[in-house]
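Hello,

Here is the structure I said I would hand over. My notes on it follow below.

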Amino acid sequence: MLLTNAKIATLRTDDDFGIIEAGAIVLDGARIAWVGAAGELPGEYQVRETQDLDGGLVTPALIDCHTHVVFGGNRAAEFELRLNGASYEELAKAGGGIASTVAATRAASEAELLADALRRVDAMIAEGVTLIEVKSGYGLDRGTELKMLRVARQLARRRPIEVRTSFLGAHAVPPDHTGNADAYIDEVCIPTLRAAHGEGLVDAVDGFCEGIAFDTVQMARVFAVAHELGLPVKLHAEQLSHIGGTRLAAAHGALSADHVEYATEADARALAAAGTTAVLLPGAFYTLRETQAPPIQAFRDHGVPMALATDCNPGSSPLSSPLLAMNMACTLFRLTPLEALLGMTAHAARALGESGRGRIARGAIADLCVWDAAHPAELAYRIGFNPLRSRIFGGAP
Ligand code: DI6
Ligand code: FE
């Protein structure tokens, strides 16, 4: 298939949008066979179908590399409590927060969880997302963690989207183990990870390294099992305080360290040396009204790739709009529109360990978006406006 009459933002490198005016793309099945100026299209391609894109803007499709789209219930009541003076950490300590979503998720059937998650996924697809990461972590017992991961796998069977799962058994200490985080890790979290892996439900292992969750020593025990099982690791690190999660992630060769508001320049250096991607989650920063932004300039200075994601979850980031996340990253964290687009495409792919995605180049997966926009900076600039015209998933419009 030949796509023609397009303005293409290839993101070929990280230096600029890599724009090709009057461009054309040849798709061969699920892959990109050729991209360039239409006038330079080699004669060798036998084109079966041509689509005139009428001057539309083509970018790589969006990738949401950090989501918790599978969960029961919602936390609008806590949102209200916070607006009446309670803090996120106070609510967590009082048995609300993640624990209240755990109760709702344990009580929900697989069909209910799936129906709810599909509505959030549909919102993402409508903005041009073709690949999402989905975490467990609202079960915190074997049955419910496995249930969440099965639902995550189902999403890819119900919709034209790819899903990568992360096991987040180390998300919070469940009410049944209050004050006994170590026993929870050893007796529930790690055996559940092994069981989920045994069923082919786990693509990566994540954790919440924070004062209200797990420390670096506990996380290192979970990561050791991930390594033993051959699974990549990633970590919620330095979101609310600095306790060393970023350095731990780097030391374990993590795919990503996520949130990283309280990360330091030394942490940025460690991430760069390890080749670990920093995942920025402005939706959580915004919702919790945090004031400490991640060390963006240090990430730039040390060459740490920055990905961007919605963190879609019922507590700290009830956000299912990647476009709004891109806007927030620019407004709140001062990313450039180019950095925001790279963060939702090429660098998000990197955070998932997926090379060959997120850029428009020969041999890459043909996941593309066509936008009603004259320039790619428009994608991060607008607020609450969706210029998506069409989405191409694995070579199929
Ligand atoms: N950090 C977050 O922002 C989410 N999980 C995490 O570890 C919040 C989860 C929640 O509040 O439900
Ligand atoms: Fe998260």
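Ligand 1 has 14 residues around it, and R75, Y88, Y138, H171 and S316 come nearest; a residue is near if one of its heavy atoms lies within 4 Å of the molecule. This is a predicted model, in which local features need pLDDT of at least 70 and side-chain atom pairs count only at pLDDT 80 or more, while totals for chains, interfaces and linings use all residues. Residues are numbered from 1 along each chain as its sequence is written, chains are lettered from A and ligands numbered from 1 in the order in which they are written, and side-chain values use heavy atoms, with hydrogens and water left out.

Three side chains have an N or O atom facing an oxygen atom of ligand 1 in a polar contact (a pair of N or O atoms within 3.5 Å):
- Y88, at 2.4 Å
- R75, at 2.7 Å
- D311, at 3.1 Å

The protein buries 100% of the 320 Å² that ligand 1 exposes when taken alone (Shrake-Rupley method, 1.4 Å probe).

D311 is also one of the protein donors of the iron ion (ligand 2); the others are H66 (NE2), H68 (NE2) and H236 (NE2), and D311 itself gives OD. The donors lie 2.1 to 2.3 Å from the iron ion, where a donor is an N, O or S atom within 2.8 Å of the metal (3.2 Å for Na, K and Ca). Along the chain their spacing is H-x1-H-x167-H-x74-D.

Regards

Technical notes:
Polar contact = N/O pair within 3.5 Å; in protein donor to acceptor, adjacent residues only side chain to side chain.
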